[in-house]
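Work through the exercises below with the model open. Try each task before reading its solution.

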Amino acid sequence: MKRIPRRALAGAAVALAAVVAVQAPAAAYGPTANSLGCRIYFSDTGAGSSPTTWADTFTLTQSPASPQPGQVVTVSFTVADGSTNGPVPLTAGSVPVAVTVGVTGSQTGTVTLNQPNYPSGAVAAQAKLGGFTATGTFTAGSAGALTLTVKQVKFANATASTYCSNAGDRDHKAAPEDTTIVQAVTVFNGGATISSITGQTGTTAARAGDTINYSVTGLAANAALTASLRDSSGGGTAEGSGTGTSTDASGAGTGSIAVPAGATTGSRTVVVSDGSNSVSVPVTILGAPKVSISPGGGGAGTAVTVTGTDWNPGSTVTVGGFKALTGAPPPPATSDPVVTATASATGGFTATFTVNDTTTAYIGASAGALFATANWTASADSCTAPAAGKCDLAYELTQTVNAGALAMSRGTGSSNIAFDGVSVSTSAQTATGALPAINVTDLRGGTYGWSLTAAVTDFTGVPIGTIGRDALTWKPACTAHAGATNAVAAAPGAADAKVNQATLCSAPAETDGTGGSFDASAELALAVPANQFAGTYTATLTITLS
């Protein structure tokens, strides 16, 4: 029978509570070609042409590869192809497998590995039964070196069980011989703790720029230490670089590692190595502090739940309201009283803050140099009264006064003014007439004044003759329109003034406001010269409002 020399590989990572030992990837025997001896006669009488040697590829592993004392260790035995069946076909699951593994060294005993569902499907006569993996567990004892050895593989067919071990053509039920499938195991009893973190009051969390100080035990004596940050299992890409003092004769030592800028945040592990073995301790790497709020807006009296993450554990965090940012941060605080909370071991906190100040634009938190805010949407549409207080809803009232016009009007049919008739005379005469009332309305709602001014043409006679326009004079009158309430008083123009370019009526500008309704009229006088040609004389009088 072919014999394979014993082979051992270094161990892998394990985790126990807050102190963790970490080794190299999982140890294993194989996969390696080897041969076991046994007579394969499943469901047979034990006679005939059943094979007497089982050649296959075998693998023996345990996890964790370097356990700590008291840790449960899982042992797995894996077969690539399985043995060749005898002359009788087999049904699925008719050959449960039990593997006996011996434990020697710092503790002794045996471990039984089982695969109850074998083969996985029906197997014809003289065909391979197929690969399988059998597993079992044991509890690691005190620190030291162990050896795991496959002693026997039992195929427990109900008709005829088969026992395989190291020797050749025989049945190995009563006196199995240890196989050469052997795995070395080291029970490792090292550990690590975090003694302090600069910038932090506790030892559970750190942020970029902090230095983590650690101590270790159980590593190699007089060994230089190196440290790095890795994922929560102690693996993954290393971040940062730390060193430590050489361990003493017992394998104890101390050191530190600075958390680099851009370090991965969340659950991490400080891994410390002596070059062969490693120990680790969990730590939380904090990111930028953050706050979230619920609800995100509301009226006066709204109670807001403020939740923070990534704050320094144990620190006192102050929560308050802030106005809109008008210059360099931070924004100015509102008038609402602040509240405080203490960050947990993982950097979280929850606080309740009441918003009353309607100028609130943010709700924020601060602790030393750390500061974070969340946007707040203030609403004037609701408010919540405290138990012994009141709240107010304000309304903005709006009324539009539409501006009107500055306008004038005259009575119907009053556009023709007839003077009383005179006869040709050797003396000058005066003809009289009247300018009917003109109503002026100022509805502009402003502060401007207004005026009525006149322009008149010469009087032209038919068939002949002219009376100059300067012959026309008046006595203006200007009064409030009946029933009107006026903001100002209007004044008539000068009496006996020549009408052309004269003022009939005017109202002054006034800063307190102008407006109203006014009636302007005038008595007219026309000087008719002596010996004036007989005829009908006409002129045009134009009144302008401005």
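**Exercise 1. Find the handedness of the link between C478 and C505, then place and classify both cysteines.**

Step 1. The torsion about the S-S bond is -45°, and the link of C478 and C505 is left-handed.

Step 2. This pair joins distant parts of the chain, 27 residues apart: C478 sits in strand β33 (residues 472-480) and C505 in strand β36 (residues 503-507). Strands are DSSP runs (E, at least two residues), numbered from the N terminus.

Step 3. The sulfur atoms of C478 and C505 are 1.6 Å apart. A disulfide is a pair of cysteine sulfur atoms within 2.5 Å.

Step 4. C478 has 11% relative accessibility, so it counts as buried. C505 is buried too, at 0%. Buried means under 20% relative accessible area, exposed over 50%, partly exposed in between (1.4 Å probe, protein chains only).

Before going on, note the ground rules. This is a predicted model: local features need pLDDT of at least 70, side-chain atom pairs count only at pLDDT 80 or more, and totals for chains, interfaces and linings use all residues. Residues are numbered from 1 along each chain as its sequence is written, and side-chain values use heavy atoms, leaving out hydrogens and water.

**Exercise 2. State how many disulfides the structure holds, and describe the others.**

Step 1. There are three disulfides.

Step 2. C38 and C164 are bonded, with sulfur atoms 2.1 Å apart. Their link is right-handed, with 80° about the S-S bond. The two cysteines lie 126 residues apart, C38 in the loop between β2 (28-37) and β3, C164 in strand β9 (residues 162-164).

Step 3. C38 is buried at 0% relative accessibility. C164 is buried at 0% as well.

Step 4. C383 and C391 also form a disulfide, sulfur atoms 2.1 Å apart. The torsion about the S-S bond is about 55°, so this disulfide is right-handed. C383 is partly exposed at 22%, and C391 is partly exposed at 27%.

Step 5. Number the bonded cysteines in sequence order: the pairing is 1-2, 3-4, 5-6.

**Exercise 3. Give the strand order of the open sheet and name its edges.**

Step 1. Five strands form the sheet, in the order β28-β29-β37-β33-β35, with antiparallel pairing. Two strands pair if DSSP finds at least two bridges between them.

Step 2. β28 and β35 (497-498) are the edges, each pairing on one side only.

Step 3. Five bridges join β28 to β29 (residues 429-442). M408 has V440 in β29 as its bridge partner.

How values were computed. Helices (H or I, at least four residues) and strands (E, at least two) are DSSP runs, numbered from the N terminus.
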